[in-house]
Amino acid sequence: MKKVAKWLDRKAGAVWFSCFFNLAVLAGMMLLLRSAFETNDDISISMIVNGAWGVHDPHVICQNYLLGLLYSLFYRIGHGRIPWYAIIQFAAIFAALTTVTWVWFQKLQRAQAWLVNGILLIYFGYECYIRMQYTKTAGIMMAAGALLLFYEVEKEKASVRGMIWGIILAVAGSLYRFEEAAICCVLMAGIGLYFLMTRKKLITLIAVFGLTGLLMVGTEVFDHQIYASDPKWNTYMKYNDLRSNLTDYSMAPYKGNEEAYQEMGIDKTAYRIFKNGLNFYDPDIFPLETVEKIEQLRPRNRLSKLLVMNFFKEFPIGYLKIPTFYGFLLLAFLWLFWRQKGWKVWVIVGYEICAMGAIDFYLYYAGRYLENRVETGLWFAITLVVIWFYDRRKTGITEKYALIALGGLLLAGQSTWKECWRALTVQKEVDRDYLRDSFIEAVETDPEGLYLAKVGTITYTGYGILDAVPEGRFENVVWYGGWEMGNPLWQNKMAEYGIVNPYRDLTDKEHVYLVDNKIDLTVKYIQKHYQKNVEAELVKEAGYLQVYQIKSKEME
């Protein structure tokens, strides 16, 4: 046992050991747990580039265009049979967590490093590997890159390769989600503030992080220019921003705003189409100009004493809903015993509290807060700042007891992990097969037809995170709602069938079908706005899906 302990102590600082350690953790998690995307956003993004829509298009909308180019390149290898989107994101998370592991093995005593790295992987590794979401990935990568840069700047002799790798991680994180990466920059700046107070290597610090910031902003500007340079994509992006404000935050109720809505041409039926399932892609009733007016009408929070009082009712107690917050609490508790001395450290503590408070107050003010996918990256950044100010001379624990403590934490963590245990989630696979089989049976109605689907009917979730999706599987499906609605790729697909407005133009179309779970509302909407003498004809029932065609009916 002593020989093993000595060997671990000798090898733990090597890059290959950090890679092996993280690979072992990842393999163990994947064997025990069933990984999945936390939200449907990731699988929707993957469908744009993996060929499922019939194209490998780099316009990934929620992420940077440069990532879209990377995905498109990889998906040409294997023709959709290899789930590159998930593989690339697994690799990105692995690279970030391995980097953090290596830094702590270098900076802390071995017992400290084992305990710290174990806690980080138990809480943040689980959240990122098993409940994957690209916003988390952005925050984890940005924080890991910044940590490595701070470590290299602090060293007597910085490694150019280390700095380059840190910059790559940080910039790559911003490609996944720029806003999340930018917020994590603010939180990681606590370490930078300490450098400023101690006047350590300020020129190097400013140069390295200045270059990183320029690259992050530059890639974001490039992404915006790509969309702005194409009129169709530019219009779509404006529309999608407004849609996000209305569907993710709030929308003014119809009652009390009847006059305003009627002036826009929106009656109660149209309002229900918007609110009930968000299936409002109708370029005649809901054009860009109208959606802008609806967005202006939506209620907004106003700065007031009441708003502040309500904020403190939600915070900090609301953090208990965030699983990774408990990992932060554990490491903050250890900091109380292992902390560095000096007033400067307490200045950093004050900065982090104020920064996190200001960030969450802004999110609360905006109307969307305590989202796990957003908070995970933020708490990772704050946790890294806390660990940075550990004093390696105050260990007070052996590696043996550190590993025993990790074993106890791992067992305790199963209360959260059990919802993803493979043994307890077999039904999820059965449900997924049912969704996929129902879809395949539905589109067999007419393999060459166009299927206009309402949100809540046909879904991508019949495929798992590592399932291969055949090229062209969703080529002839267009949805009425969701953040993809109205994108140029779907517009082009509808145009092949003579459809511009999917509500107005689908009547009596031979190869155009409607997949709907609220058909009465849809027929009522069409009758009220486009054609009175129409009816829905049920063509096929496939599992949970109902496939219709809209037909003109003879006047009596």
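**View 1. Helix H18 in this predicted model, end to end.** Helix H18 covers residues 372-388, 17 residues in all. Going from its first C-alpha to its last takes you 24 Å, close to the 24 Å you'd expect at 1.5 Å a residue. What surrounds H18? It is largely enclosed by the rest of the structure, because 17 of its 17 residues are buried.

**View 2. A buried pair, Lys136 and Glu127.** Here the side chains of Lys136 and Glu127 meet in a salt bridge, with 2.6 Å from N to O. Is Lys136 buried or exposed? Lys136 counts as buried, since its relative accessibility is 0%. Glu127 is buried too, with a relative accessible area of 0%.

**View 3. Glu295 and Arg300, side chain to side chain.** This is another salt bridge, and the N to O distance is 2.7 Å. The two partners sit in unlike surroundings: Glu295 is buried, at 10% relative accessible area, while Arg300 is partly exposed, at 43%.

**View 4. Glu475 and Lys493, a link between distant parts of the chain.** The closest N and O atoms of this salt bridge are 3.8 Å apart. Glu475 comes from the loop between strand E3 (450-453) and strand E4 (477-479), whereas Lys493 belongs to helix H21 (residues 488-495); the pair is 18 residues apart. Glu475 is partly exposed, with a relative accessible area of 34%. Lys493, on the other hand, is buried, at 10%.

**View 5. Four charged residues in one network.** Which residues get joined up when salt bridges share partners? Glu38, Glu127, Arg131 and Lys136 do, forming one network. Lys136 and Glu127 are the pair from View 2, at 2.6 Å. For the wider picture, a search of the whole structure turns up 19 salt bridges.

**View 6. A patch of positive charge on the surface.** Now for charges without a salt-bridge partner. Lys255, Lys268, Arg272, Lys518, Lys524 and Lys528 gather here. Which helices each supply at least two residues of the patch? Helix H13 (268-275) and helix H22 (519-529) do. Lys255 lies in a loop, the one between helix H11 (231-248) and helix H12 (258-263). Lys255 is exposed, because its relative accessible area of 73% is over the 50% cut-off.

Note on methods
Residues are numbered from 1 along each chain as its sequence is written. This is a predicted model: local features need pLDDT of at least 70, side-chain atom pairs count only at pLDDT 80 or more; totals for chains, interfaces and linings use all residues. Side-chain values use heavy atoms; hydrogens and water are left out. Patches are made of residues with over 30% relative accessible area and no salt bridge: like charges are joined within 9 Å, nonpolar side chains (Val, Leu, Ile, Met, Phe, Trp, Tyr) within 5 Å. Accessible areas come from the Shrake-Rupley method with a 1.4 Å probe; for residues, only the protein chains shown count as cover. Lys and Arg count as positive and Asp and Glu as negative; His and the chain ends are not counted. The place of a charge is taken as NZ of Lys, CZ of Arg, CG of Asp or CD of Glu. Helices (H or I, at least four residues) and strands (E, at least two) are DSSP runs, numbered from the N terminus. Buried means under 20% relative accessible area, exposed over 50%, partly exposed in between (1.4 Å probe, protein chains only). The expected span of a helix is 1.5 Å times one less than its number of residues.
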